[in-house]
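Please work through the exercises below with the sequence and the model in view, and try each task before reading its solution.

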Amino acid sequence: MWASTFVIMRWSATDISPGPLALIRLLAGSLTLTALILWVRRGQRLIPRGRGLANTAAFGVIWFAVYTLVFNWA
């Protein structure tokens, strides 16, 4: 699934600017990872709480968004 995004990105790069393309990849990656975590964990709750959760979420979103935007721009 991950490799197919490169083909789609190359095909759509002339029609979609880097920002919206990054958002699409971010949403697709987030949905896929969420589904995988829910399937693998199956009821186990090992999610950080409080500040740890906020820091983890912020770092993940910022890193993935910046990486995807720069990658699409290139």
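## Exercise 1: A nonpolar patch

Leu-33, Leu-36, Trp-39 and Val-40 together make a nonpolar surface patch of about 450 Å². The model is a predicted one, and the exercises should be read with that in mind.

Task: Decide whether Trp-39 is buried or exposed, and state where Trp-39 is found.

Solution. Begin with the location: Trp-39 is found in helix 2, which covers residues 18-41. Next, take the relative accessible area of Trp-39, which is 55%, and set it against the cut-off for exposed residues, which is over 50%. Trp-39 is therefore exposed. For the wider setting, the accessible surface of the chain comes to about 6300 Å², and 73% of that surface belongs to carbon and sulfur atoms, while buried residues make up 14% of the 74 residues.

## Exercise 2: Confidence along the chain

Task: Establish how many helices and strands the chain has, and in which helix confidence is lowest and in which it is highest.

Solution. The secondary structure comes to 3 helices and 0 strands, and the pattern along the sequence is α-α-α. The mean pLDDT is lowest in helix 1 (residues 2-12), at 69, and highest in helix 3 (residues 51-73), at 82. Over the chain the average is 77, with 85% of the residues scoring at least 70. As a caution, where pLDDT is low, the predicted coordinates should not be read in detail.

## Exercise 3: An aromatic pair in helix 3

Task: Find how many aromatic pairs the chain has, and classify the arrangement of the rings.

Solution. The count comes to 1 aromatic pair. Its members are Trp-63 and Tyr-67, with 5.4 Å from centre to centre and 5 degrees between the planes; since planes under 30 degrees apart count as stacked, the pair is stacked. Both residues lie in helix 3, 4 residues apart, which is about one turn of the helix. An α-helix has 3.6 residues a turn, so residues three or four places apart point the same way. Tyr-67 has a relative accessibility of 29% and therefore counts as partly exposed, whereas Phe-64, Thr-68 and Asn-72 in helix 3 are buried.

## Exercise 4: Helix length and a distance between helices

Task: Compare the span of helix 3 with the expected value, and then give the C-alpha separation of Leu-23 and Phe-64.

Solution. Helix 3 has 23 residues and reaches 32 Å from its first C-alpha to its last, close to the 33 Å expected at 1.5 Å a residue. Leu-23 belongs to helix 2 and, at 49% relative accessibility, counts as partly exposed. Although Leu-23 and Phe-64 are 41 residues apart along the chain, their C-alpha atoms are separated by 9.9 Å.

Conventions:
Residues numbered from 1 in each chain as written. Predicted model: local features only at pLDDT ≥ 70, side-chain atom pairs only at ≥ 80, totals over all residues. Heavy atoms only, no water. Helix = DSSP H or I, 4+ residues; strand = E, 2+ residues; numbered from the N terminus. Buried < 20%, exposed > 50% of the residue type's maximum accessible area, 1.4 Å probe, protein only. Areas by Shrake-Rupley, 256 points an atom, 1.4 Å probe, with all protein chains shown as cover. Patch = residues over 30% accessible without salt bridge, like charges linked within 9 Å, V, L, I, M, F, W, Y side chains within 5 Å. Salt bridge = Lys/Arg side-chain N within 4 Å of Asp/Glu carboxyl O. pLDDT = per-residue confidence, 0-100. Phe/Tyr/Trp six-rings, centres within 6.5 Å; stacked < 30°, edge-to-face > 60°. Expected span 1.5 Å × (residues − 1).
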